[in-house]
Amino acid sequence: MKNLKVIIKVTTHSDLEHIERLWNNGHVKKFVGFPNGLGITIDKLQEWIKRAIKPPYRCHYSIYLENGTYCGETFYDVDIDTRIDVFDIKLMPSAGGKGIALKALSYYS
């Protein structure tokens with residue numbers, strides 16, 4: 001785990017197929033009320049990405065291993081008016097338990 005090379009990059013259109021798979025995974029989404037996944041489509045994600053990335057207050061990142069394996073996503077949103085900050089990490093089930101979330105958290109510090 002110590003030598004695990006994790007790449008975190010701003011999400012682009014080329015990442016949407018992976019996000020579709022992540023968001024439609026019931027195991028990933030069951031704890032937020034979607035035990036069968038979201039049922040999201042690429043077309044809906046094409047619209048979503050236009051709103052998801054608005055630095056410096058909102059950004060979405062895709063997480064990969066050095067070998068190109070998609071692991072998941074991380075997201076933050078800062079609402080200046082309400083002073084509410086949101087931070088989120090979701091990983092594919094196969095990426096769990098490897099220290100990837102810890103590396104993603106340290107990306108922000």
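This is a short talk on selected residues and elements of one protein structure. The model I shall discuss is predicted.

I begin with helix H3, which spans residues 42-52. Which residues of H3 are buried? They are Leu 45, Trp 48, Ile 49 and Ala 52. As general background, an α-helix has 3.6 residues a turn, so residues three or four places apart point the same way. When one looks down the axis of H3, the buried residues fall within an arc of 105°, and therefore they line one face of the helix. The face turned away from that buried side carries Asp 43 and Lys 50, both of them exposed. What covers the buried residues of H3? The cover includes helix H1, residues 16-23, together with strands S2 and S3.

After H3 comes a loop that leads to S2, and Pro 56 lies in this loop. The peptide bond joining Pro 55 and Pro 56 is cis, with omega at about 5°. For comparison, most peptide bonds are trans.

We now reach strand S2, residues 58-65, where Ser 62 is located. Is Ser 62 buried or exposed? Its relative accessibility is 0%; because buried means under 20%, Ser 62 counts as buried. The side chain of Ser 62 makes a polar contact of 2.9 Å with the side chain of Thr 11. Beyond residues up to four places away in sequence, Ser 62 touches several others, including Ile 7, Ile 8, Ile 19, Tyr 70 and Gly 72. Asp 15 is also among the residues that Ser 62 touches.

Let us therefore turn to Asp 15, which is placed in the loop between strand S1, residues 6-10, and H1. Asp 15 counts as buried, at 1% relative accessibility. Which side chain forms a polar contact with that of Asp 15? The partner is Lys 9, at 2.7 Å. If neighbours within four places in sequence are set aside, Asp 15 is in contact with Lys 9, Val 10, Ser 62 and Tyr 64. Asp 15 and Tyr 61 are 46 residues apart along the chain, while 9.4 Å separates their C-alpha atoms.

Tyr 64 brings us to the aromatic rings. How many aromatic pairs does a search of the whole structure find? The search finds three. One of the pairs is formed by Tyr 64 and Tyr 70: the ring centres are 5.4 Å apart and the planes stand at 70°, so this pair is edge-to-face. The step rests on a cut-off, because planes over 60 degrees apart count as edge-to-face. Both Tyr 64 and Tyr 70 are buried. Another ring, that of Trp 23, has Lys 29 over its face, at 5.3 Å from the ring centre.

My next subject is the pairing of strands S3 and S4. In which sense do S3 and S4 pair? They pair in the antiparallel sense, over eight bridges. In one of these, Asp 77 has Val 86 in S4 as its bridge partner. The two strands form a hairpin with four residues between them. Arg 83 is found in the loop between S3 and S4, and the phi of Arg 83 is near 60°, a positive value in a residue other than glycine. Most residues other than glycine have a negative phi. Arg 83 counts as exposed, at 74% relative accessibility.

Within S3, residues 70-79, we find Thr 74. Thr 74 has a relative accessibility of 0% and so counts as buried. The side chain of Thr 74 reaches the backbone oxygen of Asp 88 at 2.9 Å.

The last residue is Ile 89, in strand S4, residues 84-91. Ile 89 has a relative accessibility of 24%; because values between 20% and 50% count as partly exposed, that is the class of Ile 89. Which residues does Ile 89 contact, leaving aside neighbours within four places in sequence? They are Glu 73, Thr 74, Ala 101, Ala 104 and Leu 105. Ile 89 and Ile 63 are 26 residues apart in sequence, with a C-alpha to C-alpha distance of 9.6 Å.

To close, I recall two points. The buried residues of H3 line one face of the helix. Strands S3 and S4 form a hairpin, with Arg 83 in the turn. Thank you for your attention.

Terms used. Residues are numbered from 1 along each chain as its sequence is written. This is a predicted model: local features need pLDDT of at least 70, side-chain atom pairs count only at pLDDT 80 or more; totals for chains, interfaces and linings use all residues. Side-chain values use heavy atoms; hydrogens and water are left out. Buried means under 20% relative accessible area, exposed over 50%, partly exposed in between (1.4 Å probe, protein chains only). Contact means heavy atoms within 4.5 Å. A polar contact is a pair of N or O atoms within 3.5 Å; within protein, one must be able to donate a hydrogen and the other to accept it, and residues adjacent in sequence count only if both atoms are side-chain atoms. Rings of Phe, Tyr and Trp (its six-membered ring) pair if their centres lie within 6.5 Å; planes under 30 degrees apart count as stacked, over 60 as edge-to-face and the rest as tilted. A charge sits over a ring if NZ of Lys or CZ of Arg is within 6 Å of the ring centre and within 35 degrees of the ring normal. The arc is that of the directions from the helix axis to the C-beta atoms. Two strands pair if DSSP finds at least two bridges between them.
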